[in-house]
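Subject: Handing over the structure

Dear colleague,

I am passing on to you the sequence and the structure that we spoke about, and I would be glad if you kept them open while you read. My notes come straight after them.

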Amino acid sequence: SDELVGKIPYNSLKKREHGHANAVVPPPGVTAQPDSSALTASTLTESAMTAKTGGAARLGSNATVESLDRVRVDASEQPLTTNQGVPVSDNQNSLKAGLRGPSLLEDFILREKVTHFDHERIPERVVHARGSAAHGYFEAYGALRKYTRAAPFAEKGKITPVFARFSTVAGERGSKDTARDARGFAVKLYTDEGNWDLVGNNIPVFFIQDAMKFPDLVHAIKPEPHHGMPQAGSAHDTFWDFVSLMPESTHMLMWVMSDRGIPRSYRMMQGFGVHTFRLVNEQGESVFCKFHWKPLLGTHSLVWDEAVKIAGADPDFHRRDLWEAIESGEFPEWELGLQIFTEEEAESFSFDVLDSTKLIPEEMVPLTPVGRMVLNRNPDNFFAETEQVAFCTAHIIPGIDFSNDPLLAGRIHSYVDTQITRLGGANFHELPINTPLAPVQNNQRDGIHRQSLNRGRVAYEPNSLAGGCPFQAGTAGFVSFPENNTEDKVRGKPAKFAEHYAQATLFFNSQTAVEKAHIAAAFRFELSKVEVPAIRERMLSSLVNVSTELAAEVAAGLGMQVPAAMPKAIADAEPAEISVSPALSLTALPGERGIRTRQIAVLVEDGVHHAALADLHLALTNAGAVVHFVGPRVGLFTGSGEEIIEANKSLENAPGVLFDALVLPDGAEAVKALGSNIDTLDCIKDQFRHGKTILALGAGQALLEMAGIAAARDKVPGILLATGTDMIEIAPVFIEAIAAHRHPSRECDQPGK
Ligand code: HDD
């Protein structure tokens with residue numbers, strides 16, 4: 001505030017003290033250092049204006065990023081110091097009594113360094129330990145005041161800074177990214193009225209209906225407690241034992257066994273708030289709501305064999321993908337859509353909206369697009385930001401409220417509680433990444449690692465000594481929606497919760513033939529890893545209730561007979577409103593950005609015909625793809641016309657599974673060399689097997705046959721053959737084929753094919 005001008009000492013490393021913008025102004029005579037944020041201007045620049053808001057987001061206006069300047073440390077051209085700021089003269093040798101003598105206890109520099117190192121690790125998250133995050137902003141398409149007073153939706157074009165973290169669920173912190181699993185989709189919005197955390201998943205439903213079962217679920221899916229296996233995988237007895245005894249988990253099982261369980265990229269998956277929430281407006285009126293994030297890049301997935309191989313080739317596949325896209329200025333973007341409905345409408349549904357194992361088909365309650373989220377800056381420090389960020393479902397703001405979903409109720413407690421262990425105390429909200437941009441004033445005090453210097457003698461309320469401050473905000477503050485509750489206290493569930501299969505069937509019936517085949521294959525794989533036959537059998541009997549087609553397919557894959565259907569918990573369930581929902585297929589969201597950020601491998605060797613590759617490189621790069629020249633080794637190669645081509649990747653360090661499409665070059669000599677390389681042939685086979693686009697130029701077409709793909713000579717979807725000279729015609733066809741992501745009709749991942 002104005003009265004603080006000049007009173008806050010200028011600290012060039014802490015340019016933007018919270019709430020005191022004036023602290024960025026150096027006093028007379030002090031030269032300001034260049035703003036460190038200028039160094040990363042490319043990643044700070046918000047993307048161009050959106051047609052839906054009509055207004056451009058302010059350039060580089062990311063208040064979270066700026067507020068973190070106060071803790072950013074830049075050591076360039078600075079001396080090494082201890083934690084007390086004492087300059088260190090020698091960082092190589094400990095202090096000794098003589099060169100060959102004993103090290104001395106007084107060596108406070110060694111002791112400080114080693115002591116700090118000894119305590120570098122904190123407990124990992126009990127679930128969602130493995131994750132990646134980025135900064136960005138949410139931009140409202142328009143005022144939503146009719147429904148909610150929530151700050152981010154106050155007016156058209158309003159920007160709210162966000163930090164979003166994506167994660168796998170079961171694996172430990174160092175586990176592979178491409179495990180079959182749900183993905184966390186957690187967004188912290190630093191709103192004017194405090195932090196709002198929307199802690200969702202890439203799947204709109206959950207395994208269980210009541211938080212009471214969450215520890216059981218997690219114990220069942222985590223590595224088995226006696227031998228600690230398997231890591232980051234549900235394909236083991238305890239998981240399937242649990243879920244086969246919990247029919248309510250069947251719907252989410254369908255999603256996790258579908259290709260949603262192995263996304264191509266965090267940037268290419270949907271996010272869902274899962275629970276029913278409430279929106280509350282200024283008048284205190286409330287409607288129910290579900291939150292949906294839709295990626296502009298579309299929803300795309302891996303295939304299982306690819307996911308398994310990527311896990312070995314690049315366990316950081318999704319982390320790298322997110323990081324590289326943002327570094328290159330390709331900011332991922334999602335549209336936020338709301339399903340808004342009244343309590344009366346909810347009453348009429350065949351399912352209960354308080355049951356997190358159920359979704360509301362978009363055909364019944366369509367999405368209202370309300371804004372977009374753009375992620376435009378990578379964290380500076382993984383630990384300080386991605387690891388220490390604390391998402392809590394309890395963090396809501398005026399205008400948003402909870403429903404009575406019993407799963408949500410448990411979460412409201414669990415997240416705050418877990419941070420206290422994970423982040424070492426009750427002051428985790430003061431870690432820079434967790435501090436709200438909204439001011440914080442209350443009478444909470446002290447505790448381990450307290451940062452705030454609360455002034456004055458008053459830490460209680462009511463008080464007269466501080467004039468009653470901080471004062472209650474009254475109706476300007478958070479007011480819980482006054483829901484009327486008159487029922488008896490019970491442990492139990494509402495009747496509609498007992499229906500467990502209708503939406504699992506709806507999901508299966510809404511998939512394309514290829515998606516269905518992948519679901520069956522995933523069940524087959526997972527259950528084949530289950531060692532106790534009774535568990536396989538029980539799960540199959542549950543699947544019979546979903547689809548006899550699916551149960552038969554899985555049973556055949558396990559060499560088993562289809563058992564009798566598992567008895568249902570409810571015989572006279574209300575009939576479902578719809579039997580097919582096209583929105584549930586991954587194909588419903590092909591994306592609007594063509595081949596932007598797709599990774600294309602162009603094989604090179606000595607003797608390749610260079611001109612066509614250069615043209616192709618240009619055409620693909622102009623379309624936003626990332627082109628890699630991949631050789632049998634990295635380094636320089638010489639084209640047939642003596643051109644120099646640099647391979648930035650090798651088939652050894654970047655096998656074919658890491659790429660979305662492949663180019664086989666022209667040039668007889670090069671083709672001969674490539675054809676005698678087993679890595680090349682494996683690369684081509686994998687690209688073919690996984691249904692990816694392959695463009696074979698001129699003599700390069702022979703490589704297909706060398707890889708055993710005789711059928712390629714015929715018209716096979718996604719296999720393009722060209723002369724290898726003029727790229728003008730073939731480049732657009734190639735680009736269109738890559739944009740299709742995959743050519744599933746060519747996939748040959750089923751046993752015996
Ligand atoms: Fe949870 C983390 C999502 C049910 C208890 N959960 C966590 C994260 C996500 C979710 C995305 C990682 C946040 C981050 O990136 O730091 N969880 C969900 C969804 C659920 C769900 C979508 C169902 C709709 N969770 C759930 C229940 C409980 C928890 C029912 C407990 C009763 N979840 C936790 C936790 C975690 C967590 C133990 C571990 C680390 C953390 O919170 O910060 O409190």
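What follows is a description of what was found, going from the whole chain to single parts of it.

Please keep in mind from the start that this is a predicted model. The secondary structure of the protein chain comes to 20 helices and 18 strands, and of its 753 residues 44% count as buried. If you take the contacts between residues at least 6 apart in sequence, 75% of them join residues that are at least 24 apart. The UniProt record, in an unreviewed entry, lists residues 81-469 as "domain: Catalase core". That span is 22% helix and 19% strand, and the C-alpha atoms at its ends lie 42 Å apart.

The annotated site and the ligand

Which residues does UniProt place under the feature "active site"? The record, again an unreviewed entry, gives His128 and Asn201. They span 74 residues in sequence, and yet no two of their C-alpha atoms are more than 10.4 Å apart, so they gather at one spot.

His128 sits in the loop between α3 (108-118) and β1 (131-140), whereas Asn201 belongs to strand β4, which covers residues 194-201. Are these two residues buried or exposed? A residue counts as buried when 20 or more other C-beta atoms lie within 10 Å of its own. His128 has 23 such atoms and is therefore buried, and Asn201, with 26, is buried as well. Leaving aside neighbours within four places in sequence, His128 is in contact with Ser167, Val169 and Gly184. With residues up to four places away likewise not counted, Asn201 touches Ala182, Arg183, Gly184, Phe185, Phe272 and Val274, so that you will meet Gly184 in both lists.

His128 and Gly184 also appear around the ligand, where 25 residues form the shell and Arg125, His128, Gly184, Gly410 and Ser414 come nearest. The elements that give two or more residues to this shell are β2 (159-168), β3 (183-191), β4 and α11 (406-422), and the largest share, six residues, comes from α11. By type, the shell divides into 11 nonpolar, 11 polar and three charged residues.

An enclosed helix and a partly exposed residue

Helix α6, made of residues 250-257, is largely enclosed by the rest of the structure, because eight of its eight residues are buried. Among them are His251, Trp255 and Met257. The buried residues of α6 pack against α5 (237-244), α12 (502-509), α13 (513-528) and α14 (533-546).

Val308, in helix α7 (residues 304-313), makes a useful contrast when you practise reading burial, because it has 17 C-beta neighbours inside 10 Å and so counts as partly exposed. Its C-alpha atom is separated by 13 Å from that of Ser175, although the two residues are 133 residues apart along the chain.

The six-stranded sheet and helix α17

Further along the chain there is an open sheet of six strands, in the order β15-β12-β11-β16-β17-β18, with parallel pairing. Why do β15 (649-650) and β18 (719-722) each have one side without a neighbour in the sheet? They stand at the edges, each with a single partner strand, so one side of each is left free of a neighbour.

Four of the five residues of β11 are buried, so this strand is largely enclosed by the rest of the structure. Five bridges join β11 to strand β12 (residues 626-631), and the two run parallel; within this pair, Ile600 has Val627 in β12 as its bridge partner. Strand β17 (residues 693-697) pairs with β18, also in the parallel sense, over four bridges, and Ala696 stands opposite Leu721 in β18.

Finally, please look at helix α17 (residues 668-675), in which Ala670, Val671 and Leu674 are buried. Seen down the axis of α17, the buried residues fall within an arc of 100°, so they line one face of the helix. What covers the buried residues of α17 includes β11 (599-603), α18 (678-689) and α19 (702-706), which brings you back to the enclosed strand β11 described above.

With kind regards

How values were computed
Residues are numbered from 1 along each chain as its sequence is written. This is a predicted model: local features need pLDDT of at least 70, side-chain atom pairs count only at pLDDT 80 or more; totals for chains, interfaces and linings use all residues. A residue is buried if 20 or more other C-beta atoms lie within 10 Å of its own, exposed if 12 or fewer, and partly exposed in between; C-beta atoms are placed from the backbone. The arc is that of the directions from the helix axis to the C-beta atoms. Two residues are in contact if their C-beta atoms, placed from the backbone, lie within 7 Å. UniProt positions are given in the numbering used here, feature names are shortened, and annotations may be inferred rather than shown by experiment. A residue is near a molecule or strand if its C-beta atom, placed from the backbone, lies within 6 Å of it. Ala, Val, Leu, Ile, Met, Phe, Trp, Tyr, Cys and Pro count as nonpolar, Asp, Glu, Lys and Arg as charged, and the others, Gly among them, as polar. Two strands pair if DSSP finds at least two bridges between them.
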